[in-house]
Each structure stands twice: as structure tokens, then as C-alpha cells.
Amino acid sequence: MGEAGFRADQVMLWIYRRGVSDFELMSNIGKALRARLAAHFVIRPPELVTEQVSVDGTRKWVLKLEQAPGEKPGKPVTMIETVYIPEANRGTLCISSQAGCAMDCSFCSTAQGGFSRNMSTAEIVAQVWFAGKTLGGDFQNERVISNVVFMGMGEPLANYNNVLPAIRILLDDFGFGLSKRRVTVSTSGLVPFIDRLGGDVDTALAISLHAANDKLRDQLVPINKKYPIAELMEACKRYLAGKDRKSHIIYEYVMLDGVNDQPEHARELARLLNSQGQAAKVNLIPFNPFPEARYKRSTPEAITRFSEILRAKGLLTMTRRTRGDDIDAACGQLVGKVQSKQKKRLGDIPVRVQ
Ligand code: SAH
């Protein structure tokens, strides 16, 4: 707008750190500039459709996106989901990057509804802004949101042009000011964009691996046919090469009963990761069911056995605790609509419907 650069810093602090949505309240900005800003821009989060709170404290918001430029009028409203997972020493916000998803992973309910559209940078960061305001606290002193993960709906690297500026706003001192280790991009493995991400910004990277051989991974994560495991591993190595020594890749592995959870799968996974000479952590995710799912969750015994094999081979292994599954807020359960199952429950749990 031809204004001095420090004005941008001021506006960003008002918006992101102080959660102000009215230019008139930006008291260190002159009246004339406030008026110009108000004439050109709005600060408005997506409309809240439902809020649900799990018995474990996890919250899920269904948010309605506005009509995007060029979108056909009369198209059904686009909704996305954002999940807040409170823990003793941190609060993680799981955000969406696309309405729907085109990756078609066979164990993920987001895939069932197909792809609707990319989210804009504004829509992506608005989830953090909205959640921060709704939860109270702020991004300066009391951080209720300490971590942000791109593990909601969508494949973040398939919407790179909008996701990259969103990451920059999350990390910027004048934005949400999160530290680079507390922002995690999770991908099904879009190799060229893993390289671009590594060159453009410094964040934690999670890879949805789910199988250590191409035959099985082709079935679970179809993008593997385009970017098979060997290429994916090379991209992960390149990603870490430019980072400091404390960095590692998180490998996510969904535990599907009888499909990828046998001891031989664990040994194969250990062989694969140990042969890379890269810092790796394994995150086992017990499968979360959804109505049309063709898989079952591995038994607790299978998960324990699997993680013990990995640990015995020297791999740092964690099993992700299932959170918010009573409100369909767990990994792979986000669909961006108010489901009948949820509606039935509205009376039972604290819910605000707008
Ligand atoms: N598209 C990105 C981010 C999405 S989901 C990606 O693929 O990484 C975050 C994690 O949840 C991914 O590892 C995904 O594979 C996993 N997931 C998907 N469906 C699941 C399900 N039904 N149960 C458990 N985890 C699931």
C-alpha cells in the first residue's frame, strides 16, 4: 500500500498476537491509514457451524468457508474441520489445508468425500486465529496453542502455494510466533514439494509412511505409485541435510489389523529406516474407524509387539494416544460435515451450535 514497512509489523501484531478484528482498535495506527485498511480488507474467521467437546477435552470445530473467487454460485457450502488437543504440557491445534483430499488413502475418511477445493492462506491461518480466540489466552504470554500440525483435512503439499505463506505466518515473530519445532507439516509423500519445503522454510516434517514395501504402500497410499518409497526416503534425507543436527523426520504408521501390523512388517520397517542413516522417529497411530471403513484397528497386543520390535532395533517409537474419537475428531475421521451420528449426540455433550 506504499506505507512504511513497520506499519505491516504493527498490523500483524494487532491481528495475530492480540486477536483484534477491527482496524479501528489499532490505536498506534493513524486514522487515515485505519480507514484505508478498512476500505480494502476484512479480518473475519470462517463461520462456526458446530463445536464439539470430547470427554477427553479434545475440541472439534466444523467451520464454513466462504464462496471462493471463481467458485460456481449455488455450489454446496464448503466445510472444514479443526481440532484442538489439550495435553498436560502443551496444546496442539490440528488444522486443515484443503477442503477434502484427492490423495485417496484407503484408510482415511477424508478421502471418501473426495476433493472439494484448496484453502486459501487466509482460511488456513484463520483456523489458528479462531481457535486462539475461542480458547482464550493469546500468542504472547499465555499460549493455549503451543503446537500446530497440518494433520487435518487435505494434503498440505498439494496446496503448497497457500500453505507456505501460512507456515511463514505461523513462525513469524509478528505472526503467531511459534517455534519451528512446534509446527509440523504432515505429507503422504509429494517428493518434489518436500524438496521445495526444505528449501523455503524450516519446520518439522512428518511422513505418512504406513508400509515399508511398495506393494503394500501402493494399496494404502496411492501416491506411492508416483513417488515410491526409495524416492521418498531420498527426499527425506535431502530435507534433513540442510537442517540442524537435532532435526529428525517423524514417520507415521497407521496400525491396521492383519494388514501392516505383523512382526515381519515391523522388522521390514526397522530395516528400511535404519538403512537410511537419518534421524527418524516412528509414530504408531491406532487406526480410527469410520462408517465405510474396510479396516479394523490392530489389537493392543499387536501394537505393543510392533513397537517393541522397533525399539529393540534402536528406533524411537511412540504410539499416538487416540484422542477425540467419540466426536469423530481423531486422525483420519475428519470429513467436514455435520454427521448424523454427531447430531444424535448433541444433547449428551457440551456443544454450541450456531
Ligand atoms: N495428508 C497429510 C495429512 C493428513 S492426516 C498426510 O497424509 O500426512 C494425518 C495422519 O492421520 C496421517 O498420517 C494419516 O495417514 C493418518 N490417518 C488417516 N486416516 C486415519 C485413520 N482412519 N486412522 C488413523 N490415522 C489415520
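**Exercise 1. Is aspartate 257 buried, partly exposed or exposed, going by its relative accessibility?** Place the residue and list its contacts.

*Ground rules.* This is a predicted model: local features need pLDDT of at least 70, side-chain atom pairs count only at pLDDT 80 or more, and totals for chains, interfaces and linings use all residues. Residues are numbered from 1 along each chain as its sequence is written, and side-chain values use heavy atoms, with hydrogens and water left out.

*Solution.*
- Step 1. Get the cut-offs. Buried means under 20% relative accessible area, exposed over 50%, and partly exposed in between (1.4 Å probe, protein chains only).
- Step 2. Apply them. Aspartate 257 counts as partly exposed because its relative accessibility is 30%.
- Step 3. Place the residue. Aspartate 257 sits in the loop between S10 and helix H9 (263–274). Helices (H or I, at least four residues) and strands (E, at least two) are DSSP runs, numbered from the N terminus.
- Step 4. List the contacts. Contact means heavy atoms within 4.5 Å. With neighbours within four places in sequence left aside, aspartate 257 is in contact with Lys296, Arg297, Ser298 and Thr299.
- Step 5. Check a pair. Aspartate 257 and threonine 134 are 123 residues apart in sequence, and their C-alpha atoms are 38 Å apart in space.

**Exercise 2. Describe the surroundings of the ligand.**

*Solution.*
- Step 1. Find the shell. A residue is near a molecule or strand if one of its heavy atoms lies within 4 Å of it. There are 21 residues around the ligand; those that come nearest are Phe107, Ser186, Ser208, His210 and Asn288.
- Step 2. Sort the shell. It holds 10 nonpolar, 9 polar and 2 charged residues. Here Ala, Val, Leu, Ile, Met, Phe, Trp, Tyr, Cys and Pro count as nonpolar, Asp, Glu, Lys and Arg as charged, and the others, Gly among them, as polar.
- Step 3. Look for polar atom pairs. A polar contact is a pair of N or O atoms within 3.5 Å; within protein, one must be able to donate a hydrogen and the other to accept it, and residues adjacent in sequence count only if both atoms are side-chain atoms. Glutamate 252 places a polar side-chain atom 3.2 Å from an oxygen atom of the ligand. Asparagine 288 has a backbone N or O atom 2.9 Å from a ligand nitrogen atom. A polar backbone atom of cysteine 331 is 3.3 Å from a nitrogen atom of the ligand.
- Step 4. Work out the cover. The ligand taken alone exposes 530 Å², and the protein buries 95% of that. Accessible areas come from the Shrake-Rupley method with a 1.4 Å probe; for residues, only the protein chains shown count as cover.
- Step 5. Name the elements. Strand S8 (183–187), strand S10 (249–255) and strand S11 (280–286) each give two or more residues to the shell.

**Exercise 3. What is the sign of phi at histidine 210, and where does histidine 210 lie?** Treat aspartate 104 in the same way.

*Solution.*
- Step 1. Recall the background. Most residues other than glycine have a negative phi.
- Step 2. Read histidine 210. Its phi is near 70°, a positive value. Histidine 210 lies in the loop between strand S9 (204–208) and helix H7 (214–220). At 4% relative accessibility, histidine 210 is buried.
- Step 3. Read aspartate 104. Its phi is near 65°, also positive. Aspartate 104 belongs to the loop between strand S5 (98–100) and helix H3 (109–112). Aspartate 104 counts as partly exposed, at 48% relative accessibility.

**Exercise 4. Place glutamate 71 and threonine 58, and give a polar contact for each.**

*Solution.*
- Step 1. Glutamate 71 is in the loop between strand S2 (59–65) and strand S3 (78–86). Its relative accessible area is 16%, so glutamate 71 is buried.
- Step 2. A polar side-chain atom of glutamate 71 lies 2.7 Å from the backbone nitrogen of alanine 68.
- Step 3. Threonine 58 is in the loop between strand S1 (47–53) and S2. Threonine 58 is buried, at 0% relative accessibility.
- Step 4. The side chains of threonine 58 and aspartate 56 form a polar contact of 2.6 Å.

**Exercise 5. Which residues does aspartate 195 touch, not counting residues up to four places away in sequence?**

*Solution.*
- Step 1. Aspartate 195 is in helix H6 (residues 191–200). Its relative accessible area is 32%, so aspartate 195 is partly exposed.
- Step 2. Aspartate 195 touches Ala235 and Arg238, on that count.
- Step 3. Aspartate 195 and alanine 235 are 40 residues apart in sequence, with 6.4 Å between their C-alpha atoms.
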